[in-house]
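Work through these exercises with the structure open beside you. Try each task before you read its solution.

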Amino acid sequence: MYGYEICKYVSTLSDGDIAITEGALYPALHKLETDGLLSVEIEKIQNRNRKYYSLTKLGGVEVVSRIEALEQFLSSLNKVLNPKLI
Amino acid sequence: MKLTEFQIQELYTFTKKKGIEYIDLQDELVDHLICAIEDELSKDPTLTFETVFKAEYKKFGIFGFDGVLMDRTVQLEKKAYRLFFKHFIQFFKIPKLFFTISLFLGIYYLMTFSNLLEIVYYGVGLTALAIMLYNIHVLFNDVKDKSRKYLIASQYHLLTRLSSSIFYWILIFPLTVTDGTLMENLYVSSAMLTFVVLVVLISRAQLENLKTYMEENYPVSA
């Protein structure tokens, strides 16, 4: 996926609730690329270069662990917001 | 609705004016703007190119492209250093470890001849420094196009830092701080020279890789 495609995809999936700002997206993509979590491929599209990002093997592993951490956090948050009455 | 060639050029000019000199970043940001503007104009054809362009640029926040540029510079430098250490570690793993050991033993052997000690030490140190400086020279002279030069700026920082380290740790430190006694410790001085040779070899390989990457993705005519 390329930068603009990612912005649009996230916005579509969240029905417009989550809007990734461009000023935050590219620094994040570049950092993930440096960390080896994303790989880059350049393709010529209508006389210009387009940068496609994809998950590396390491990136795939990291996604799973981050999702697990997020789910755990949401579960903890849920416990705090909805405490069981004793 | 597709943008005209003139409008695309206008976006490139604007991006350059905003200080984006990295050719890859220019391509990425211009491509983003083109996609966003074309999308908006398709949704509402009554809008003008200028209006949509301004609105899309605003989405980059109050710092505009500056934030993206600053971050890209830091990340490129980080990447250059990480690649360097990745290559460096390879020389301590099989099969390259054999080369490192042979290199160390070769230098050590040469330095056991007391009349050759200084010649070998300064010969290797100065040659390494000369090659590193030559690499920096080649790096900038090979690439005439300004926008391509910025892409390799990160390599320039790495090379200059490595060169100044060689200059200090190999040529100045042993004489000024240890008063020449460090050089006489053959294990330490052979290890230092082995390290220097590895630095030169890795820098050379990294430059070649970068050159190939640029030739493949950003040919001069682009």
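Helices and strands here are DSSP runs, with at least four residues for a helix and at least two for a strand, and they are numbered from the N terminus. Keep in mind that this is a predicted model.

**Exercise 1. Find the order of the elements in chain A, then in chain B.**

Solution.
- Step 1: Count the elements of chain A. It has 3 helices and 2 strands.
- Step 2: Walk from the N terminus. The order in chain A is α-α-β-β-α.
- Step 3: Turn to chain B. It has 10 helices and 0 strands.
- Step 4: Its order from the N terminus is therefore α-α-α-α-α-α-α-α-α-α.

**Exercise 2. Set the radius of gyration of each chain beside that of a compact globule.**

Solution.
- Step 1: Take chain A. A compact globule of 86 residues would have a radius of gyration near 12 Å, but chain A has 17 Å.
- Step 2: Look at its box. Along the principal axes, the C-alpha atoms of chain A fill roughly 65 × 30 × 20 Å.
- Step 3: Take chain B. For 222 residues the globule value is near 17 Å, but chain B has 24 Å.
- Step 4: Its C-alpha atoms fill a box of roughly 85 × 35 × 30 Å along the principal axes.
- Step 5: Add the domains of chain B. The assignment gives domain 1 (5-64) and domain 2 (70-217). Their C-alpha centres lie 41 Å apart.

**Exercise 3. State what share of each chain is buried, and what share of its contacts is long in sequence.**

Solution.
- Step 1: In chain A, buried residues make up 14% of the 86 residues.
- Step 2: Consider the contacts in chain A with a separation of 6 or more. Residues 24 or more positions apart account for 19% of them.
- Step 3: In chain B, buried residues make up 29% of the 222 residues.
- Step 4: Consider the contacts in chain B with a separation of 6 or more. Residues 24 or more positions apart account for 69% of them.

**Exercise 4. Describe the side of chain A that touches chain B.**

Solution.
- Step 1: Count the partners. 16 residues of chain A are in contact with 20 residues of chain B.
- Step 2: Name the elements that give two or more residues to this side of chain A. They are helix H1 (3-13), helix H2 (22-34) and strand E2 (48-55) of chain A.
- Step 3: Find the largest share. H2(A) gives it, with 7 residues.
- Step 4: Sort this side of chain A by class. It has 5 nonpolar, 6 polar and 5 charged residues.

**Exercise 5. Which residues of H2(A) are buried, and how are they arranged around the helix?**

Solution.
- Step 1: Check the length. H2(A) has 13 residues and reaches 19 Å from its first C-alpha to its last, close to the 18 Å expected.
- Step 2: List the buried residues. They are A:Glu22, A:Tyr26, A:Leu29, A:His30 and A:Thr34.
- Step 3: Look down the axis. The buried residues of H2(A) fall within an arc of 135 degrees, so they line one face of the helix.
- Step 4: See what covers them. The cover includes H1, strand E1 (38-45) and E2 of chain A, together with helix H2 (23-43) and helix H4 (66-90) of chain B.
- Step 5: Look past the end. Just after H2(A), A:Gly36 takes a positive phi of about 80 degrees.

**Exercise 6. How many residues of H3(A) are buried?**

Solution.
- Step 1: Place the helix. H3(A) runs over residues 57-81 and has 25 residues.
- Step 2: Check its span. H3(A) reaches 36 Å from its first C-alpha to its last, close to the 36 Å expected.
- Step 3: Count. H3(A) is hardly covered, and 0 of its 25 residues are buried.

**Exercise 7. Find backbone angles that depart from the general rule.**

Solution.
- Step 1: Recall the rule. Most residues other than glycine have a negative phi, and most peptide bonds are trans.
- Step 2: Go to the loop between E1 and E2 of chain A, where A:Gln46 lies. A:Gln46 is not a glycine, yet its phi is positive, about 45 degrees.
- Step 3: Move to A:Asn47, in the loop between E1 and E2 of chain A. Its phi is positive too, near 70 degrees.
- Step 4: Decide whether they are buried or exposed. The cut-off for exposed is 12 or fewer neighbours. A:Gln46 has 11 C-beta neighbours inside 10 Å, so it counts as exposed. A:Asn47 has 8, so it counts as exposed.
- Step 5: Turn to chain B. The peptide bond from B:Ile94 to B:Pro95 is cis, with omega near 10 degrees. B:Pro95 sits in the loop between H4 and helix H5 (96-112) of chain B.

Technical notes
Residues are numbered from 1 along each chain as its sequence is written. Chains are lettered from A and ligands numbered from 1 in the order in which they are written. This is a predicted model: local features need pLDDT of at least 70, side-chain atom pairs count only at pLDDT 80 or more; totals for chains, interfaces and linings use all residues. Two residues are in contact if their C-beta atoms, placed from the backbone, lie within 7 Å. Ala, Val, Leu, Ile, Met, Phe, Trp, Tyr, Cys and Pro count as nonpolar, Asp, Glu, Lys and Arg as charged, and the others, Gly among them, as polar. The expected span of a helix is 1.5 Å times one less than its number of residues. A residue is buried if 20 or more other C-beta atoms lie within 10 Å of its own, exposed if 12 or fewer, and partly exposed in between; C-beta atoms are placed from the backbone. The arc is that of the directions from the helix axis to the C-beta atoms. The radius of gyration is taken over C-alpha atoms; the globule rule is 2.2 Å times the number of residues to the power 0.38. Domain bounds come from an automatic or database domain assignment.
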